Amino acid sequence: MELIILAIESSCDETSASVVHNGKILNNIIASQIIHEQYGGVVPELASRAHQQNIVYVVDKALANIHKKDLSAIAFTQGPGLLGALLVGASFAKALALALDIPLIGVNHMQAHILAHFIDEPRPSFPFLCLTVSGGHTQIVKVNDYLDMQIIGQTLDDAVGEAFDKAAKIMGLPYPGGPLIDKYASAGDPMRFSFPHSQIPGLDYSFSGIKTAILYFLRDEVAKDPDFIAKNLNDLSAGIQRSLIEMLLKKLIKASCETGINRIAIAGGVSANSGLRNVLETESKKRKWQLFIPAFEYCTDNAAMIAMAAHYKYLNKDFLSQDKVPLPRMHF
Ligand code: KG4
Ligand code: ZN
């Protein structure tokens, strides 16, 4: 049987459409929304409007070499995400599934980030641990099977991507600041500045304390020298990045020791961070971990990962009825 699924992602500030054919990604079209740069963060109302403007374009491009009548199902990100943004993708997917009289599939965005590991070789075997690090989430997930996942640790407040972005904002950098901190850090001394780590029991995280520590430290230094940030941008970025990575790594090592699992994967926007990738490569050699890092294009938000998740959901006949709604706080 030919299985061809169109998937739509619209949970935050990327409008994306992708087509998967028998488990192989054919197209992955992404329209990023630059409008948010000037506001220092994603403005939900503007994101919804931009999704409306972009969605027909990305779907048309994703379907360029595919006939709509050959589609087996339409998938969309059901949550978690911004309600208004999710509604654009959900309504579009529902209308198209209804018009073509084919099944509708609702996908969990966080599960999809993890399933991005099944787009290309090497694919991890089960069970494995995935550190999912994005702008809205920080989770350690025990992945038992494609759609059987268990969160064993998570942030109690800010996500690590949020910590990167807020630290960048304090230093006067535009949104999203994570990739900029990565860039400046590569030319900086990571040992010159240190920031306190939070001490949370178990496998959970907290990133709100470090954000406040950065804020107060810079406020005091800028009072003494107004050019302090500009003069030290590389070293500050390297220090902030090192502190955040150390926090991530500590709990990941603990999770691996406690579960006895040494297949380790990373997923989500922050998994594009070169410092995190380097540290994990080194740590993996030391600890004999089998490490899985997705290609850059599948780290940040994209519909290919939604399509991959939809492929496995289709095989389970896990379809959604037309009366189901987007879930901004969707859990696995
Ligand atoms: O997964 P994602 O695209 O969207 C969400 O689902 O949140 O992740 C976006 C987050 C942002 O916080 C962004 O700053 C961060 O990923 N990010 C990075 C890098 N690339 C993206 N953070 C650090 N270093 C990077 N290279
Ligand atoms: Zn995401």
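1. Let's start with the sheet that contains β6. In this predicted model, five strands line up as β8-β7-β6-β9-β10 to make an open sheet with mixed pairing. Which strands stand at the edges? They are β8 (148–154) and β10, and each has a single partner strand, so one side of each is left without a neighbour in the sheet. From one strand to the next, the twist averages 25°.

2. You can follow one pairing at the β10 end of that order. Strand β9 (residues 263–267) runs parallel to β10, and three bridges join the two. Arg 263 is a handy place to look, as it stands opposite Gln 290 in β10. As background, strands in a sheet pair through backbone hydrogen bonds, in either a parallel or an antiparallel way.

3. Now add a helix to the picture. Helix α7 lies across β6, β7 (138–145), β8 and β9. Its direction is at about 160° to that of β6.

4. Take a moment to look at Thr 132, which sits in strand β6 (residues 128–133). Is Thr 132 buried or exposed? Its relative accessible area is 0%, so it counts as buried. Leaving aside residues up to four places away in sequence, Thr 132 touches Met 110, His 113, Ile 114, His 137, Thr 138, Gln 139, Val 141 and Ala 267. Keep His 113 in mind, because it is also a donor of the zinc ion (ligand 2) and, at 1% relative accessibility, counts as buried.

5. That brings us to the metal. Which protein atoms are the donors of the zinc ion (ligand 2)? They are NE2 of His 109, NE2 of His 113 and OD of Asp 301, at 2.0 to 2.1 Å from the ion. Written along the chain, the spacing of these donors is H-x3-H-x187-D. His 113 and Asp 301 link distant parts of the chain, being 188 residues apart: His 113 belongs to helix α3 (residues 109–115), while Asp 301 is in the loop between β10 (290–292) and α9. Asp 301 is buried too, with a relative accessible area of 14%.

6. There is another five-stranded sheet to trace. Its order is β3-β2-β1-β4-β5, and it is open with mixed pairing. Here β3 (24–32) and β5 (104–108) are at the edges; each has a single partner strand, so one side of each lacks a neighbour in the sheet. The twist in this sheet averages 20° from one strand to the next.

7. Both senses of pairing can be found in this sheet. Strand β2 (residues 14–21) and β3 run antiparallel and are joined by eight bridges, with Ser 18 opposite Asn 28 in β3. By contrast, β1 and β4 run parallel, joined by four bridges; Leu 6 has Ile 74 in β4 as its bridge partner. Strands β4 and β5 are also parallel, with five bridges between them, and Ala 75 stands opposite Ile 105 in β5. Seven of the seven residues of β4 are buried, so this strand is largely enclosed by the rest of the structure.

8. Two helices belong in this part of the view. Helix α1 (residues 44–62) lies across β1 (4–9), β2 and β3, at about 25° to β2. Helix α9 (residues 303–315) packs on the sheet as well, touching β1, β2, β3, β4 (73–79) and β5, and its direction makes about 135° with that of β1.

9. Helix α6 (residues 208–224) is a nice one to examine closely. It has 17 residues and spans 25 Å from first C-alpha to last, close to the 24 Å expected at 1.5 Å a residue. The buried residues of α6 are Ile 210, Ile 214, Leu 218 and Glu 221. Why do they count as being on the same side of α6? They cover an arc of only 70° around the axis, which puts them on the same side. Arg 219 and Ala 223, on the other side of α6, are exposed. What covers the buried residues includes α4 (160–170) and α7 (228–259).

10. Finally, find Pro 179 in helix α5 (residues 178–185). With a relative accessible area of 53%, Pro 179 is exposed. From C-alpha to C-alpha, Pro 179 and Val 325 are 33 Å apart in space, and they are 146 residues apart in sequence.

Technical notes:
Residues are numbered from 1 along each chain as its sequence is written. Chains are lettered from A and ligands numbered from 1 in the order in which they are written. This is a predicted model: local features need pLDDT of at least 70, side-chain atom pairs count only at pLDDT 80 or more; totals for chains, interfaces and linings use all residues. Side-chain values use heavy atoms; hydrogens and water are left out. Two strands pair if DSSP finds at least two bridges between them. Axes are lines fitted to C-alpha atoms, for helices over the stretch in contact, and angles run from 0 to 180 degrees between N-to-C directions. Contact means heavy atoms within 4.5 Å. Donors are N, O and S atoms within 2.8 Å of the metal (3.2 Å for Na, K and Ca); water is not among the atoms, so sites may look incomplete. Buried means under 20% relative accessible area, exposed over 50%, partly exposed in between (1.4 Å probe, protein chains only). The expected span of a helix is 1.5 Å times one less than its number of residues. The arc is that of the directions from the helix axis to the C-beta atoms.
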